[in-house]
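I opened a notebook page for this model and listed what to look up. The entries follow in the order I made them.

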Amino acid sequence: MFLNAYRGRRVFVTGHTGFKGSWLAAWLTQMGAKVAGFSDGVPTKPSHFESMHLANHIEDLRGDIRDRQTMSRAIQQFKPDVIFHLAAQALVRKSYEDPVTTFESNMLGTMNVLEAVRHTPSVEAVIMITSDKCYRNNEQVWGYRETDHLGGADPYSASKGCAEIIAQSYFKSFFKNGPACATVRAGNVIGGGDWAQDRIVPDCARAWAAGKPVTVRSPWATRPWQLVLEPLSGYLLLGARLLDNGSAPFNPRGEAYNFGPAATVNNTVAEVVQALAMHWPGFSSKMDTSGQAGMKECTLLKLCCDKALAHLHWKATLTFEETIRFTAEWYHRFYKGLAGTPNDMLDFTLGQIAAYVNLAEQRAQIWTK
Ligand SMILES: NC(=O)c1ccc[n+]([C@@H]2O[C@H](COP(=O)([O-])OP(=O)(O)OC[C@H]3O[C@@H](n4cnc5c(N)ncnc54)[C@H](O)[C@@H]3O)[C@@H](O)[C@H]2O)c1
């Protein structure tokens, strides 16, 4: 898998206690990488990270990405081969409440990681995770391409557009002959173990587990929903190609890539809630759409992933129904299953990764080789 690029490699993951970072750290560990994670704490309770007791399986480092010295020291001491930078203030609503922390974390944090990389000779590849929201959103019905305008009206989206510009500046100014770097843009990632505020799947999990109807803000908004393992397979493939010195078909060094589902997967929030409810037996699946907030949120956001297909031969593996099934089964296991049993959620998470890889093999995805 991934050209066997990660076995025995030292991989530094920022944001490893968060939703996507914990899945990435688990997958890397399963592939035989030596993983260090760097985060300022565990952002939610419960959390995917703690449910797996992942701290027992990786080097679990704590610090603030806004603190350049701490960040630099952690990277220089670990001497990674590869860095995946995911740590961020990742929530749109929180960015309205606290724009300063959002800009500091997402812009300064990005700069601090890249500064540390400049002074750490071991680093061969860096993948900077930004967002699909980095694009200037004009509600177009076709997907955003990597060459489209960056932008973002709300502070979170703007901070991710800025992070893209900072990363591109470092790539062009300092890393032409240094580590191979790229940025990645994905969005609306769902899957087990997310308990972030104001995201539809965690909102369903919290409400239904308490026997209450879920409050839905924008039921008719469409999003390119994808299982967390889908963009992670793209990030890992890109990392493997960067480590491999950009072998055929295209050298991705210094590039930006979108990773999203097939163009046909563009379901509404209401459809996600209804589909989740069908796979979640025993829970109330009621939806309350009366309390819609006044916060500005775009109703349409699509990504064009032709570049990832052309350069990396990457495409999404799962259908919408499979995405929902994986997601619902994880929460079902957590709430109704054996979550108290040591290692159960780690084993279950690794089992879902194995099942996903198995489907990807059947569908001849290039990264399974
Ligand atoms: N989940 C999605 O749908 C989605 C969509 C687009 C982009 N992204 C991006 O992917 C990345 C991961 O997202 P997620 O959903 O896992 O987010 P998350 O909120 O679950 O996790 C964020 C992680 O960053 C860490 N963090 C936040 N501020 C920090 C700071 N100042 N110092 C150190 N650590 C800090 C947290 O401790 C946590 O580990 C983020 O960059 C996010 O913007 C996520």
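**Entry 1, a proline.** I began with P46, which is found in the loop between β2 (34-39) and α2 (48-51). Helices here are DSSP runs of H or I with at least four residues, strands are runs of E with at least two, and both are numbered from the N terminus. I looked up the bond before this proline: K45 and P46 are joined by a cis peptide bond, with omega at about 0°.

**Entry 2, ground rules.** I noted that this is a predicted model, in which local features need pLDDT of at least 70 and side-chain atom pairs count only at pLDDT 80 or more, while totals for chains, interfaces and linings use all residues. Residues are numbered from 1 along each chain as its sequence is written, and side-chain values use heavy atoms, with hydrogens and water left out.

**Entry 3, positive phi.** I looked for residues other than glycine with a positive phi. L3 has a phi of about 55° and is not a glycine. I placed L3 in the segment before β1. Is L3 buried or exposed? L3 is partly exposed, at 44% relative accessibility. For the terms, buried means under 20% relative accessible area, exposed means over 50%, and partly exposed lies in between (1.4 Å probe, protein chains only). I also wrote down K79, another residue that is not glycine, with a positive phi near 55°. K79 sits in the loop between α3 (68-78) and β4.

**Entry 4, strand β4.** I then followed β4, which covers residues 82-85. V82 and F84 point one way from the strand, I83 and H85 point the other way, and all are buried. Which strands pair with β4? Strand β1 (residues 10-14) pairs with β4 in the parallel sense over 4 bridges. Strand β5 (residues 125-129) also runs parallel to β4, joined by 4 bridges. Two strands count as paired if DSSP finds at least two bridges between them. I checked single positions too: V13 has F84 in β4 as its bridge partner, and V82 stands opposite A125 in β5.

**Entry 5, cysteines.** How many disulfides does the structure hold? I found 0 disulfides, taking a disulfide as a pair of cysteine sulfur atoms within 2.5 Å. A disulfide is a covalent bond between the sulfur atoms of two cysteines. Why does C134 form no such bond? The closest cysteine sulfur to that of C134 is in C162, 11 Å away, which is too far for a bond. I noted that C134 is buried, at 0% relative accessibility. C204 is buried as well, with a relative accessible area of 0%.
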